[in-house]
Amino acid sequence: MATTVTSADGDGGEAERPGRAEGRGRAAGGRSVRTAGDRARPAARRTRYRCRQTAVAYLFLAPSLAFFAVFLLLPLLFAVLLSLSRWAGFDLADIRPAGVDNFAALFARGSSFLTPVLTNTLLYALGTVALALTGAVLVAHCITHLRFQGFWRTLYFLPIVTTVVAVGNVWKYMYEPGGLVNGVLNALGLRSVAFLQDPATALPSVVVVQAWASLGSAILILTAGLKAIPHVYYEAAELDGAGPFTVFTRITLPLLRPSLLFVCVTQFITGLQSFALIIVMTGEGGPGDATNVAALEMYQRAFTYGDWGSASAAALVLFVLILVITLAQLWLFRRKGADG
Amino acid sequence: MRRRGRVPWLSYLLVGLGAVVTVVPFLDMLLTSFKGPGEYGRLPYRFLPEAFDLSNYREAFVRLDLPLLFRNSVVATAVITGSVLLTSSLAGYALAKLRFPGRDVIFRLVLATMMFPPFVFFIPHFLILVHWPLAGGNGLLGEGGAGLTVSLAALVMPFLVSGFGIFLMRQFIVSVPDEMLEAARIDGAGEFTVWWRIVVPQTRPVAVTLALLTFVGAWNEYIWALLVSTANPRLMTLPVGIQTLQSYLDPNRMVPVMMAGLMLSVLPVLLLFLLLQKHYIRGVMLSGLK
């Protein structure tokens with residue numbers, strides 16, 4: 001018995017692998033039956049098998065690794081190189097070293113990068129998170145009391161599967177004097193607002209849309225978090241005579257904290273880097289610089305003005321900002337895990 | 001549990017109100033797309049069109065090269081989705097079930113790729129494609145021509161592999177029982193056969209999820225497609241093409257036409273989502289936030 005198993009294994013070169021052989025009751029005894037010659041051959045086969053498996057594994061990984069080399073590693077190096085050079089053309093031979101000039105220029109007096117661009121970026125991200133989180137907490141909390149939860153969640157999900165061009169344009173024209181939002185305002189007896197044309201209201205108007213569009217996924221994650229809260233807590237609170245508001249603030253919110261934190265941080269990071277919606281709704285980030293954000297500034301410096309160097313520098317500054325937040329997030333969640 | 005018995009009026013009110021705010025822009029898009037010439041922009045605002053006028057859709061066809069836009073969108077989305085599925089499955093299998101030196105390092109690298117925000121890559125990716133050697137009239141050092149920006153390849157190249165896809169596949173393939181793979185190997189199957197005959201069929205549920213996420217992402221992609229088509233207008237996708245409408249003439253005439261174009265671009269994805277929403281929603285849960 002033992003020999004048949006060994007030879008069957010040996011054919012495939014699988015002698016040392018667990019699995020089917022074990023199931024047949026191949027025990028320590030199997031090995032002792034072998035002759036000296038048998039013992040040497042599986043070892044060689046094992047090495048050959050290992051080599052073959054390594055080769056196969058790298059073959060399977062080759063497309064992905066090649067891709068990461070050309071579209072991840074090389075671009076990162078290229079971005080750093082560009083940020084340290086002066087280059088305003090398409091001929092690679094024209095790249096000139098510039099040290100940290102590009103970074104210095106970004107933070108120089110009178111540069112618009114710190115204010116209003118970076119300030120706008122932070123306001124945009126913070127505003128989105130605040131709005132989306134408040135809305136999502138309320139809706140997710142209420143949904144758990146309702147029937148047809150899947151139906152409601154699907155509704156809130158529609159903006160997420162829609163292109164930013166559709167979302168941006170529909171809202172842009174709803175904000176126009178002849179659009180839906182002003183139509184509602186007028187019907188209520190209020191005067192029209194030039195939402196996107198007025199520097200004071202332009203940024204908040206886009207923030208509302210970004211929050212509207214990201215509500216669905218926040219609701220999804222918060223509903224999952226709510227479902228994970230053990231029901232006994234609510235029953236205990238009810239026995240103690242706690243009202244709905246107390247239950248919400250004393251039980252739901254504290255126990256939901258991990259999900260809240262997750263949604264908060266990931267949406268904040270998404271907010272810091274988004275600019276597609278702004279391009280669609282306000283074009284150049286106008287009026288003036290009222291809706292200009294860092295990623296859009298990078299985009300324009302590069303593709304409108306062909307200034308690859310300062311554009312790459314802007315991108316790297318934003319990247320470092322996001323990296324710090326991401327690392328802080330990882331650290332925060334690791335600590336959360338330790339807390340339980 | 002007892003609270004279920006009471007009708008939660010306040011909850012219905014709030015969730016319903018939120019749902020209205022979510023759905024109304026879509027309705028407005030649909031209804032505006034049927035508004036006749038001169039109807040949009042007239043005050044006071046009217047939600048419903050006077051008559052369901054189809055001329056905006058006709059106008060969208062006249063103004064835009066819709067067959068080209070559709071073709072570009074469909075080809076790019078199909079190629080990206082196919083490639084992401086294939087490469088994720090292959091790499092996921094290697095990382096989950098094969099033993100080889102460097103595996104942990106590569107897995108960590110894959111995880112790390114998910115940390116990089118896309119905007120960092122817009123500039124270098126564009127320049128790499130422009131200077132792609134021996135393409136589009138370029139020399140060996142990538143000088144002289146337009147590189148890959150002349151072809152549809154430019155639209156898809158940066159999206160062909162997904163770190164998240166590899167991660168998702170790997171996590172799923174780990175749970176495929178070793179015994180099944182072992183049995184196939186004993187029957188004389190090579191690793192490629194094991195992957196194709198055992199792993200691929202076993203991972204169908206997660207493949208649907210990944211395909212759907214990738215499909216929706218690729219179909220709706222805007223910034224990269226905009227960039228590439230600035231270099232070569234023949235590469236415009238649906239979202240980019242429709243956005244060009246806004247530079248035409250009178251906004252009161254153009255807005256309904258634009259809404260008609262947007263309906264055409266949004267409908268396929270909405271239908272697919274409504275059909276397969278469970279798979280999509282699971283994907284969003286797995287990826288945290290999309």
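**Exercise 1. Place B:Ser88 in its surroundings.**
Find which backbone oxygen the side chain of B:Ser88 reaches, and decide whether the residue is buried or exposed.

*Solution.* Start with the polar partner: in this predicted model, the side chain of B:Ser88 comes to 2.6 Å from the backbone oxygen of B:Val84. Next, locate the residue on its element: B:Ser88 sits in helix H3 of chain B, which covers residues 66-97. Then look further along the chain. With neighbours within four places in sequence set aside, B:Ser88 is in contact with B:Ser162, B:Gly165, B:Ile166, B:Met169 and B:Leu210. Finally, check accessibility: the relative value for B:Ser88 is 0%, so the residue counts as buried, the cut-off being under 20%.

**Exercise 2. Describe the interface of chain A and chain B.**
Work out how many residues take part, how much area is buried, and which helix of chain A gives the largest share of its side.

*Solution.* Begin with the head count: 100 residues of chain A and 101 residues of chain B take part in the contact. Now turn to area. About 9100 Å² is buried between chain A and chain B, and carbon and sulfur atoms account for 76% of it. On the chain A side, the top three contributors are A:Phe60, A:Phe71 and A:Val161, which together supply 8% of the area that chain A buries against chain B.

The next step is to look for polar links. Between chain A and chain B there are zero salt bridges, but 11 residue pairs are in polar contact, both residues having pLDDT 80 or more. As for the helix, H4 of chain A (residues 36-83) brings 23 residues, the largest share of the side that touches chain B. Sorting that side of chain A by class gives 70 nonpolar, 19 polar and 11 charged residues.

**Exercise 3. Examine how the two domains of chain A meet.**
Give the bounds of the domains, then characterise the interface between them.

*Solution.* The domain assignment splits chain A into domain 1 (16-83) and domain 2 (108-339). Four residues of domain 1 and five residues of domain 2 make up the contact. The two domains of chain A bury about 360 Å² between them, with 78% of it on carbon and sulfur atoms. Who supplies the area on the domain 1 side? A:Ala79, A:Leu82 and A:Ser83 provide 83% of what domain 1 buries against domain 2, more than any other three residues.

Then test for specific links: the interface of domain 1 and domain 2 has zero salt bridges, and zero residue pairs in polar contact at pLDDT 80 or more for both. By class, the side of domain 1 that touches domain 2 holds three nonpolar residues, one polar residue and no charged residues.

**Exercise 4. Inspect two backbone features of chain A.**
Find where A:Pro116 and A:Phe148 lie, and say what the backbone does at each.

*Solution.* Recall the background first: most residues other than glycine have a negative phi, and most peptide bonds are trans. The bond from A:Thr115 to A:Pro116 is cis, with omega near 0°, and A:Pro116 belongs to helix H6 of chain A (residues 113-143). A:Phe148, although not a glycine, has a positive phi of about 55°. A:Phe148 lies in the loop between H6 and helix H7 (149-157) of chain A. Its relative accessibility is 61%, so A:Phe148 counts as exposed, the cut-off being over 50%.

Methods. Residues numbered from 1 in each chain as written. Chains lettered and ligands numbered in written order. Heavy atoms only, no water. Contact = heavy atoms within 4.5 Å. Buried area = accessible area lost by both parts, 1.4 Å probe. Salt bridge = Lys/Arg side-chain N within 4 Å of Asp/Glu carboxyl O. Polar contact = N/O pair within 3.5 Å; in protein donor to acceptor, adjacent residues only side chain to side chain. Helix = DSSP H or I, 4+ residues; strand = E, 2+ residues; numbered from the N terminus. Nonpolar A, V, L, I, M, F, W, Y, C, P; charged D, E, K, R; others polar. Buried < 20%, exposed > 50% of the residue type's maximum accessible area, 1.4 Å probe, protein only. Domains from an automatic or database assignment.
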